[in-house]
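User: I should like a close look at a single part of this structure, namely the disulfides. Please set out the account in connected prose.

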Amino acid sequence: DCDDGYEGDGFNCTDVDECILETDLCHDDAACLNNEGAYNCTCLDGYTGDGFNCTDVDECFDMTDDCHADANCNNTPGAWNCTCLDGFEGDGVNCTDVDECDFFPCDADAICTNYPGDFNCTCNDGYDGDGLTCVDIDECLDELDNCHFNATCENLDGSFNCTCNEGYEGDGVDCFNIDECATMIDNCHDDANCTDNDGSFE
């Protein structure tokens, strides 16, 4: 009789290709290679074992993947895939930061600061909020102004203005009494005495 791996009448024997006939015992995740009178089983790429038993290699766990540092690795049967993290774009092997500030996500009265994979919105001075929504601070109403006590505070969009009251002069932060008598801007009669008071005259 022909030896194992061959077929014929014993006088003429030919090799049996177990791989083509699918009579091999290779694992489903292995490749069958026919040899003279036998065959070899080799686990496919991404699998490990003796060919008869093959198990998936977790490239993510073994850190043999080629994913970018800013990507997630997801193990799949016999392979893996890479997905860029939120805030990054690319194919997972190459990931670049997305500059979210280019898309104007913040309030018009806020400053956008880009970070790797993220961004931050900060309301401008004179505004309050989370940066995505900013509202004007009324420094006058909230008594956050630095106006002089002889000045009037006027709230402005994102700011405020100080104006010295009538009878005073200055920049609004510092106000000084105007001596109308000494500066001769009073309207007293020529035959009357002018007396300067704080903020006025008589």
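Analyst: The following paragraphs describe three cysteine pairs and then turn to two loop residues.

The model discussed here is predicted. A disulfide is a covalent bond between the sulfur atoms of two cysteines. A search of the whole structure finds 13 disulfides, among them the link between Cys43 and Cys54, with an S to S distance of 2.1 Å. Cys43 belongs to strand S4 (residues 38-43) and Cys54 to strand S6 (residues 54-56); the two cysteines are eleven residues apart, and their pairing links distant parts of the chain. The torsion about the S-S bond of Cys43 and Cys54 is -90°, and the link is left-handed. Both Cys43 and Cys54 are buried.

A further disulfide is formed by Cys84 and Cys95, whose sulfur atoms lie 2.1 Å apart. Here, Cys84 is found in strand S8 (residues 79-84) and Cys95 in strand S10 (residues 95-97), eleven residues apart, and the pair again links distant parts of the chain. Because the torsion about the S-S bond of Cys84 and Cys95 is about -90°, this disulfide is left-handed. Cys84 is buried, as is Cys95.

Cys101 is joined to Cys112 by a disulfide with an S to S distance of 2.1 Å. Cys101 lies in the loop between S10 and strand S11 (110-115), whereas Cys112 lies in strand S11 itself; they are eleven residues apart, and the pair links distant parts of the chain. The torsion about the S-S bond of Cys101 and Cys112 is about -80°, and therefore the disulfide is left-handed. The two ends of this link fall into separate accessibility classes. Cys101 has a relative accessible area of 17%, and since buried means under 20%, Cys101 is buried. Cys112 has a relative accessible area of 24% and is therefore partly exposed.

Two loop residues deserve a brief remark on the backbone. Most residues other than glycine have a negative phi. Glu22, however, has a positive phi near 55° although it is not a glycine. Glu22 is located in the loop between helix H1 (18-21) and strand S3 (30-35). Because its relative accessibility is 68%, Glu22 counts as exposed. Glu143 also has a positive phi, of about 55°, and is likewise not a glycine. Glu143 occupies the loop between strand S14 (134-136) and strand S15 (151-156). With a relative accessible area of 67%, Glu143 is exposed.

Conventions: Residues are numbered from 1 along each chain as its sequence is written. This is a predicted model: local features need pLDDT of at least 70, side-chain atom pairs count only at pLDDT 80 or more; totals for chains, interfaces and linings use all residues. Side-chain values use heavy atoms; hydrogens and water are left out. Helices (H or I, at least four residues) and strands (E, at least two) are DSSP runs, numbered from the N terminus. Buried means under 20% relative accessible area, exposed over 50%, partly exposed in between (1.4 Å probe, protein chains only). A disulfide is a pair of cysteine sulfur atoms within 2.5 Å.
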